Each structure stands twice: as C-alpha cells, then as structure tokens.
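Please examine the protein shown here and follow its architecture from the overall dimensions to its sheets, its helix packing and selected buried positions.

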Amino acid sequence: MRDEIPIAVAYGDGIGPEIMSATLHILEEAGVPLKIHKVEIGEKVYLKGHPTGIEPATWNTLRQTKAFLKAPITTPQGGGFKSLNVTIRTTFGLYANVRPCVAYSPFIATKHPKMDIVIVRENEEDLYSGIEYKHTPDVAHSLKIISKQGSEKIIRYAFEYARRHNRKKVTCFTKDNIMKLSDGLFHNIFNEIAKEYPHIENEHWIVDIGTAKLADTPEIFDVLVMPNLYGDILSDVGAQISGSVGLAGSANIGDTVSMFEAIHGSAPRRAGQNLANPSGLIQAAVLMLLHLEEYENAARIQNSWLSTIEQGIHTYDIYKNETSKQKVGTQEFAEAVVKNLGNNPHTLPIVSYKEKKQPVTAFPFLPETNVKRELVGVDVFFYDKTSASLFLDKIVPFDVAPLYLTLVSNRGARIWPEGQPETFCIEEWRCRFANKGNLVTQFEILKLLQRLADASFDITQVENLYLFNEEPGFSSAQG
Ligand code: NAD
C-alpha cells in the first residue's frame, strides 16, 4: 500500500460544492491515494467575522498538507472584506499562476481550433497588493507595485516552464508605453532573463494590441507572461475563446505551498442546479497531480476526461447541436469521466506526462548592481476645491527656498507652467518642488511641509523624488 498524500480541500461557495464533489469522485475512483483534510473558507467564514474569509487554524492545515485543492468562493459585497484568494496567494508567496487554455476542436466549438497557450500570470503584486487610498471625497488611488524580485520570479518561471514543456516561445505583455517605470521594469527584466534562454524565442507586445491578437489569432502564441491584472483578465478571455470559461484550471505555485483551482468564480446563478461544468476544477486537479509527481494518475484522468469530451458528453456551457451528443449535469459528467477511466481519446492527442517535471521553484536572483540613489525633490499633493486659477494664485508665489515650485499638475496633466485653459481639473493637485537640479535633504522637505501646513495648505500625500544612476525614478507631467 502506498502512503496517502495529504491534501487540503475547500468546497467553496455557489457552484463550488457541486464541482468539488464531482472532482473528488473522479480522483477517488481513479484510486489516487489522497488523504483529504477539509477546510472551511469563503462566504460563511467571512460572515462569521473573519475579514479575509479564512479561519486562523486553516493556515496550519494548508502549511502541513502537500497541496490545496480549492473550489471558487463568493466574496461578500461591501467594504471590510479582503479577497481570500489574494490573501492566500500573498501570505504563502504563491507567485506563479499558471493557466493553460487549450482548444478541444472539433469536439468543443471554438473559432480557434489550433489554440494551445499557457498564461503565466504574476500572482503577488501589481494592483492586487490591495493598497488603496481616498484622500479627498471624490478621488481614489490604487497602488500598482512591480518589483525586480517579483518580476524575476515569474518571468524565470515562464521560461523554465517553456523549457521543460518543450514550448518554443515566451511572449511578454505590458503597457510600458504608459507605465514606463512599473511595466517598464517588468519588460526590462523580461529582456534580461530572455538572454539566458537563447533557444526559446521571445517577444513583447503592448497589452492592448496583444489582447486583440490573442482574441483573433491565439495560435500565434505559446507561453505568455504578464503582470497580475493583465493575466487575470486575459486568462478569462483565453479560456472563453477556447470553448468556455468553465474549462480552464490553474496552478498557484509557491516555494512551499501550492493551490489549485478553476479559473472561474462561484457562478451563484448556476448554483444548486447540477448545471455547472466541473472541467475547470478537474483540470486543476490534474495540475495538482502533476505537481505531486503523480504522473500516471494525472494522465489517466486527463485521457478519460478527453475521451468524455470526444464522446460529446457535454455540460450546458459547451453543449452545441453540431458538436455535442448528450447534454448532462455536473454529476453525470463526472460519472462519464469515471466510466472512461482507462480509455484514451481517439482523435485528440493522448497525453503522457512522464517526462514533464514541473519547473523548479527556487531560483537565484539576478546579481545586485550598485545603484547611485539621490534625493532631488518632492511631489506634494493637495486637496483644494476652488479652481485652477485660484489654487495657482496661492501656490505659485509661495516662497519655499531652497525648494522651488517647478510644476503643478492635475491628474498628471500639466497646469503650470504653460498649462492650457481647457484642461479639466479635479480637487487634487500635485506640486513638484526641487532645488534647481541640486540634491535636497529630508530636513529641507520637512521644513517645506511645515511651512505649507503653517499656511493652511491641505496636504494629502508626499512622494520623494529620486534619481537612480542619474535617471529619474519618477514620471514627468503630460502636456
Ligand atoms: P463567475 O466566473 O463565477 O461566473 C460568470 C459566468 O460564467 C456564470 O454566470 C456562468 O455563466 C459562467 N460560468 C462560470 N463558471 C462556470 C462553470 N463551471 N460552468 C458553467 N458556466 C460557468 O464570475 P462572477 O459572476 O463575476 O463572480 C461570481 C463570484 O465568484 C463573485 O463573488 C466573485 O468574487 C467570485 N470569484 C471567485 C473566484 C475564486 O474563488 N477563485 C474567482 C473569480 C470570481
């Protein structure tokens, strides 16, 4: 008898319990030796007063088991509730979110029969750091964080994934024509790491035209790597154009803990009706088995799932008169997969995972380089509801030596000097103070802030301005 592999399982909310029961039924009938530790997460836990939707004791179960198979959950509406998924991903450092999107033509209708892509989504940073502020009644800020370390980890993972799975190309999507510092950093690191993989083709697309291409001709892509938000959106697009959002599973990989889930949500409107397609969670379970190095079991389940799809046994979301033979519910679909255990598909390629070791997860970082960092000024944000001309009347003559006003902008558009009268202004103003290109000190900045406060300016935010090897580490104003 083999030792049982301990895994944590959460049944989730909405369609979660139905698709989880279906998936576990297949795993059990396939004879995978799993020891299941059920954990409670999601809506009920939120409503019991845990703001992250997870009970404190659950952390230890997740730490002590070898993988976490998770059904989708519902995040209650309203303030005060933090996303459980983001909390688990960031707490355990699940930095790589791997989302294969594959067409199963001609058995599942799709406009893209040759599609076979893997989206590798950065999973810990970007706008998902969840750091948001309101400093004035009518304006909100969300902080987009991109780090060298976070970018390196995910980009290297994508190249390693490509290498180990014999994929030919890695494509990076960013919006670095606009976000030159944050997305620019991601793109630069992509260029650096790509040099270490000369046998894998690499390319970069601006995310907007890249998305258009992905929706139109996904077969030109192979492995794609991108920051968190773009990856979240594009993996739903990828799954949907391959046939259904209900088809794709995902692996959230960290150095110690890993979590596996369908890419879709809890679809509350479909809950409790035995309607939902369990395939996304079945695919997640296959990814989990690969992670656990249960290659034969993974292949057996995947081949029986492919056979079921080939036989035209389809849930409502992929059912089409032309391609389907039998419309089934969640449970009946799982039964059909169980019946097919041991069968191989006839037309779709039979899978064999024996050689497909998962990418190693601990990588050395690129060496630190000596960077000269110099403080050269400060941006001070103000709340002022008057008007551009009244605000400028107050701030422009303000004597603040040795820090002088060099720029006033509103939502990034230049208002002074040489502003344009048509620029629409809101109640938040950014004023840049610097000392004629000289270095400045923290004390000079504090003195400036003290004098601004003495003069009753309403300061809402302060951002220091640094040069890095003489290059500005801050954006200039548009206009
Ligand atoms: P959703 O993915 O839950 O559902 C959108 C639509 O997609 C559904 O109405 C349904 O038509 C279809 N669909 C999704 N999964 C399907 C399946 N397995 N079979 C058949 N059809 C399926 O997105 P939503 O409605 O925006 O979100 C609902 C809830 O899910 C929200 O509370 C959201 O926060 C949560 N959510 C959870 C996760 C997660 O736990 N990983 C991810 C995304 C959204």
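The paragraphs below describe the fold as a whole, then each of two sheets, and then two helix pairs.

The model is predicted. The protein contains 13 helices and 20 strands, and its C-alpha atoms fill a box of roughly 80 × 55 × 45 Å along the principal axes. Of its 479 residues, 53% count as buried. Among contacts with a separation of 6 or more, 76% involve residues 24 or more positions apart.

One sheet is built from ten strands. It is open, its pairing is mixed, and its strands follow the order E2-E1-E3-E12-E11-E4-E5-E10-E8-E9. Strand E2 (34-38) and E9 each have a single partner strand, so one side of each lacks a neighbour in the sheet. On average, and with direction ignored, neighbouring strands of this sheet are turned by 25° against each other.

Two pairings illustrate the parallel part of this arrangement. Strand E3 (residues 68-70) runs parallel to E12 and is joined to it by three bridges; here Phe68 stands opposite Met259 of E12. At the E9 edge, six bridges join strand E8 (residues 169-174) to strand E9 (residues 201-206), and these two strands also run parallel. In this pair, Cys172 of E8 is placed opposite His204 of E9.

How many of the residues of E8 are buried? Six of the six are, so the strand is largely enclosed by the rest of the structure. Burial applies to both faces of E8: Lys169, Thr171 and Phe173 are buried on one side, and Val170, Cys172 and Thr174 on the other.

Helices pack against the ten-stranded sheet. Helix H8 (residues 228-242) lies across strand E4 (96-102), strand E5 (116-122), E8 and strand E10 (223-226), and its direction makes about 160° with E5. H9 also packs on the sheet, where it touches strand E1 (5-10), E2, E3, E4, strand E11 (249-253) and E12, with its direction at about 155° to that of E12.

The loop between strand E12 (258-262) and H9 holds His264. Is this residue buried or exposed? With a relative accessible area of 12%, His264 falls under the 20% limit and is therefore buried. Apart from neighbours within four places in sequence, His264 is in contact with Ile15, Ile19, Pro72, Val245, Gly246 and Asn277.

The description now turns to helix pairs. Two packed helices are described by the angle between their axes and the distance between the axes. For helix H9 (residues 279-291) and helix H10 (residues 295-310), the axes come within 8 Å and cross at roughly 160°. Because this angle is over 145 degrees, H9 is roughly antiparallel to H10. The crossing of H9 with H10 is left-handed. H9 contributes Ser279, Ile282, Gln283, Val286, Leu289 and Leu290 to the contact, while H10 contributes Tyr295, Asn297, Ala298, Ile301, Gln302 and Trp305. These residues divide into eight nonpolar, four polar and no charged.

A second pair consists of helix H5 (residues 148-164) and helix H6 (residues 182-194), whose axes come within 9 Å and cross at roughly 45°. H5 and H6 are therefore oblique to each other, and their crossing is right-handed. On H5 the contact is made by Lys148, Ser151, Glu152, Ile154, Ile155, Arg156 and Phe159; on H6 it is made by Leu185, Phe186, Ile189, Phe190, Ile193 and Ala194. The contact of H5 with H6 comprises nine nonpolar residues, one polar and three charged.

Another sheet is formed by six strands. This sheet is open and antiparallel, with the order E17-E16-E18-E15-E19-E20. Its edges are strand E17 (413-416) and strand E20 (471-472), each of which pairs on one side only. At the E20 edge, two bridges connect E20 with strand E19 (residues 459-468), and the two run antiparallel. Within this pairing, Phe468 has Glu471 of E20 as its bridge partner.

Two helices lie across strands of the six-stranded sheet. Helix H12 (residues 388-395) spans strand E15 (373-383), strand E16 (404-410), E17 and strand E18 (428-434), running at about 30° to E18. Helix H13 (residues 442-454) lies across E15, E18 and E19, at about 15° to E15.

Definitions and conventions: Residues are numbered from 1 along each chain as its sequence is written. This is a predicted model: local features need pLDDT of at least 70, side-chain atom pairs count only at pLDDT 80 or more; totals for chains, interfaces and linings use all residues. Side-chain values use heavy atoms; hydrogens and water are left out. Two strands pair if DSSP finds at least two bridges between them. Helices (H or I, at least four residues) and strands (E, at least two) are DSSP runs, numbered from the N terminus. Contact means heavy atoms within 4.5 Å. Axes are lines fitted to C-alpha atoms, for helices over the stretch in contact, and angles run from 0 to 180 degrees between N-to-C directions. Angles under 35 degrees count as roughly parallel, over 145 as roughly antiparallel, 65 to 115 as roughly perpendicular and the rest as oblique. A crossing is left-handed if the near helix is turned anticlockwise from the far one by less than a right angle, and right-handed if clockwise. Ala, Val, Leu, Ile, Met, Phe, Trp, Tyr, Cys and Pro count as nonpolar, Asp, Glu, Lys and Arg as charged, and the others, Gly among them, as polar. Buried means under 20% relative accessible area, exposed over 50%, partly exposed in between (1.4 Å probe, protein chains only).
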